[in-house]
Amino acid sequence: MKNEQLIKTLIQQGESDQLEFKEVVRKEEIAKSLCAFLNGDGGTVLIGVHVNGEIREIKDADKKAIEVKQYLLGSIIPEAPITVSVESIDEKNIILAKVWNGSKPPYVYDGTIYSRKGIQTEKADRKSVV
């Protein structure tokens with residue numbers, strides 16, 4: 001219940017330089033965002049939340065959370081501590097993916113360095129993140 005209230009508070013605050021909403025599981029998009037967060041101040045991706053804050057159900061959330069975590073751990077270089085969990089909000093399952101700022105920047109996904117500018121994830125260069 002405590003996590004539910006914290007997540008609702010996050011959703012009410014809206015997207016920011018450390019928070020992004022994804023309506024559906026798109027591993028590539030999640031990886032880009034988390035890579036950008038690792039190269040910055042850390043951040044959270046809430047999967048199953050529309051950009052307007054509406055909660056959408058993620059079907060088979062436990063299975064998808066495992067798949068997302070395995071994908072992230074195998075595709076972001078260097079290896080980074082990534083937390084992926086299933087959370088229940090108003091009896092709907094969403095996935096929470098979180099990282100802290102990385103200790104070994106630059107972090108790279110699919111051969112590209114990403115950074116966060118406001119609510120946008122952008123391609124970056126090594127100089128801008130180290």
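On the side of helix H1 that faces away from its buried residues, Lys2, Gln12 and Gln13 are exposed, and this predicted model can be followed from that helix onward. The buried residues of H1 are Glu4, Ile7 and Ile11. They cover an arc of only 70° around the axis, which puts them on the same side of H1. Those buried residues pack against strands S1, S2, S4 and S5. In length, H1 has 12 residues and reaches 17 Å from its first C-alpha to its last, close to the 16 Å expected at 1.5 Å a residue. The helix is followed by Gly14, whose phi is positive, near 85°.

H1 also takes part in the largest pocket, where it supplies five residues, the largest share of the lining. Helix H1, at residues 2-13, and strand S5, at residues 92-99, each contribute at least two residues to that lining. In total 13 residues line the pocket, and those nearest its centre are Ile7, Leu10, Thr44, Leu96 and Lys98; Ile7 is also one of the buried residues of H1. Sorted by class, the lining consists of five nonpolar, six polar and two charged residues, and the space within the pocket comes to about 180 Å³.

Between strand S1, residues 19-22, and helix H2 runs a loop that contains Arg26. With a relative accessibility of 52%, Arg26 counts as exposed, because the cut-off for that class is over 50%. Its C-alpha lies 20 Å from that of Ile89, a residue 63 positions away from Arg26 in sequence.

Helix H2 itself has 12 residues, which at 1.5 Å a residue should span 16 Å, and its end C-alpha atoms are indeed 16 Å apart. Its buried residues are Ile30, Ala31, Ser33, Leu34, Cys35, Ala36, Phe37 and Leu38. Ser33 has a relative accessible area of 2%, and therefore counts as buried. Leaving aside residues up to four places away in sequence, Ser33 touches Glu20, Lys22, Val45, Arg116 and Thr121. Glu29 also belongs to H2, but at 33% relative accessibility this residue counts as partly exposed. Although 92 residues separate Glu29 from Thr121 along the chain, their C-alpha atoms are 9.5 Å apart.

The approach to the next helix passes through the loop between strand S2, residues 43-47, and H3, in which Asp60 is found. Phi of Asp60 is near 55°, a positive value in a residue other than glycine, and at 56% relative accessibility Asp60 counts as exposed.

Helix H3 occupies residues 61-75, and its 15 residues should span 21 Å at 1.5 Å a residue, which agrees with the 21 Å between its end C-alpha atoms. Ala61, Ala65, Val68, Leu72 and Ser75 are the buried residues of H3. Seen down the helix axis, these buried residues fall within an arc of 115°, so they line one face of H3. The face turned away from that buried side carries the exposed residues Asp62, Lys63, Ile66, Gln70 and Gly74. The elements that cover the buried residues of H3 include helix H2, at residues 27-38, together with strands S3 (76-77), S4 (82-89), S5 and S6 (108-109). S4 and S5 are also among the strands against which the buried residues of H1 pack.

Beyond H3, several loops between the strands carry backbone features that deserve attention. Ile77 and Pro78 are joined by a cis peptide bond with omega of about -5°, and Pro78 is found in the loop between S3 and S4. In the loop between S4 and S5 lies Asp90, which has a positive phi of about 50° although it is not a glycine. Asp90 is partly exposed, with a relative accessible area of 45%. A cis peptide bond also joins Pro105 and Pro106, with omega of about 5°, and Pro106 lies in the loop between S5 and S6.

Definitions and conventions
Residues are numbered from 1 along each chain as its sequence is written. This is a predicted model: local features need pLDDT of at least 70, side-chain atom pairs count only at pLDDT 80 or more; totals for chains, interfaces and linings use all residues. Side-chain values use heavy atoms; hydrogens and water are left out. On a 1 Å grid over the protein atoms alone, a cavity is a set of points where a 1.4 Å probe fits but cannot get out, and a pocket is an open set with protein on both sides within 12 Å along at least five of seven lines; lining residues have an atom within 4 Å of a point. Grid points are joined across faces, edges and corners, and a volume is the space filled by probe spheres set on the points. Helices (H or I, at least four residues) and strands (E, at least two) are DSSP runs, numbered from the N terminus. Ala, Val, Leu, Ile, Met, Phe, Trp, Tyr, Cys and Pro count as nonpolar, Asp, Glu, Lys and Arg as charged, and the others, Gly among them, as polar. The expected span of a helix is 1.5 Å times one less than its number of residues. Buried means under 20% relative accessible area, exposed over 50%, partly exposed in between (1.4 Å probe, protein chains only). The arc is that of the directions from the helix axis to the C-beta atoms. Contact means heavy atoms within 4.5 Å.
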